[in-house]
Amino acid sequence: MLKAEREVLDLGTSETIPCSLPAEETNYIRWFNNKQEEVSSTSTGRMTVNKNGQLTINSVQLSDGGTYECRGLENTQYYTIYVNGRPK
C-alpha cells in the first residue's frame, strides 16, 4: 500500500486524477469509486478511466466526495476526494 493522497475537486468541473502506482503496474490499473464499484474505460456515466489509468470525473457533484482506490497487481493507492462546493 502506498501513501494516501488528497484531491480537492471543484463542484461542476471535470477533473482527472492520475494513479500513482509503479510503472510496471500501469497496464493493470483498476479504479474503484467511493461506493466500491469498479470504474473502467467502458463505464457509462460521469466517471471513466482512460488508457493511461487516469480517472476522469465529469460534472463533479458533492456526492463524489469520499475514498477512491487505484489498484494494480500488488499495490493500492488510496485517494480521499473532497469536493469544494463554494463558488470561486
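User: Where in the protein chain is the place of Gln-36: in which loop, between which strands?

Analyst: Happy to help, and please keep in mind that this is a predicted model. Gln-36 has a phi near 65°, a positive value in a residue other than glycine. Its place is in the loop between strand 3 and strand 4.

User: Is Gln-36 buried, partly exposed or exposed?

Analyst: Buried would need a relative accessible area under 20%, and exposed one over 50%. Gln-36 has a relative accessible area of 43%, so this residue counts as partly exposed.

User: Which loop holds Ser-59?

Analyst: Ser-59 is another residue to look at for its backbone, with a positive phi of about 50° although it is not a glycine. Most residues other than glycine have a negative phi. Ser-59 is partly exposed, with a relative accessible area of 37%. You will find Ser-59 in the loop between strand 6 and strand 7.

User: How many helices and strands does the protein chain have?

Analyst: Reading along the sequence gives the pattern β-β-β-β-β-β-β-β. The count for the protein chain is therefore 0 helices and 8 strands.

User: What is the strand order in the open sheet of 5 strands?

Analyst: The pairing in this sheet is mixed. Strand 1 (5-10) and strand 4 (38-39) each have a single partner strand, so they stand at the edges and one side of each is left without a neighbour in the sheet. Strand 3 (residues 30-32) pairs with strand 4 in the antiparallel sense over 2 bridges. The full order is 1-8-7-3-4.

User: Which residue is the bridge partner of Trp-31 in strand 4?

Analyst: Strand 3, at residues 30-32, and strand 4 are an antiparallel pair. In strand 4, the bridge partner of Trp-31 is Val-39.

User: Which strands stand at the edges of the open sheet of 3 strands, and why is one side of each left without a neighbour?

Analyst: This sheet has antiparallel pairing and the order 2-6-5. Its twist averages 20° from one strand to the next. The edge strands each have a single partner strand, so one side of each has no neighbour in the sheet; they are strand 2 (15-17) and strand 5.

User: Which residue in strand 6 is the bridge partner of Glu-15?

Analyst: Strand 2 and strand 6 run antiparallel, and 3 bridges join them. In strand 6, Glu-15 has as its bridge partner Ile-57.

User: Which strand gives the most residues to the largest nonpolar core?

Analyst: That core has 17 residues, and those with the most contacts inside it include Trp-31, Ile-57 and Cys-70. Strand 5 (47-49), strand 6 (55-57), strand 7 (66-71) and strand 8 (76-84) each supply at least two residues of the core. With 3 residues, the strand that gives the most is strand 8.

User: Which residues does Cys-70 touch, leaving out those up to four places away in sequence?

Analyst: Cys-70 is one of the residues with the most contacts inside the largest nonpolar core. Leaving out residues up to four places away in sequence, Cys-70 touches Cys-19, Leu-21, Ile-29, Arg-30, Trp-31, Asn-75, Thr-76, Gln-77 and Tyr-79.

User: What radius of gyration does the protein chain have, and what would a compact globule have?

Analyst: Along its principal axes, the C-alpha trace spans about 40 × 30 × 20 Å. Of the 88 residues, 33% count as buried. A compact globule with 88 residues would have a radius of gyration near 12 Å, and the protein chain agrees with that, at 12 Å.

Notes:
Residues numbered from 1 in each chain as written. Predicted model: local features only at pLDDT ≥ 70, side-chain atom pairs only at ≥ 80, totals over all residues. Heavy atoms only, no water. Core = buried A, V, L, I, M, F, W, Y, C linked by side-chain atoms within 4.5 Å. Buried < 20%, exposed > 50% of the residue type's maximum accessible area, 1.4 Å probe, protein only. Helix = DSSP H or I, 4+ residues; strand = E, 2+ residues; numbered from the N terminus. Contact = heavy atoms within 4.5 Å. Pairing = 2+ DSSP bridges. Axes fitted to C-alpha atoms, helices over the stretch in contact; angles between N-to-C directions. Rg over C-alpha atoms; globule rule 2.2 N^0.38 Å.
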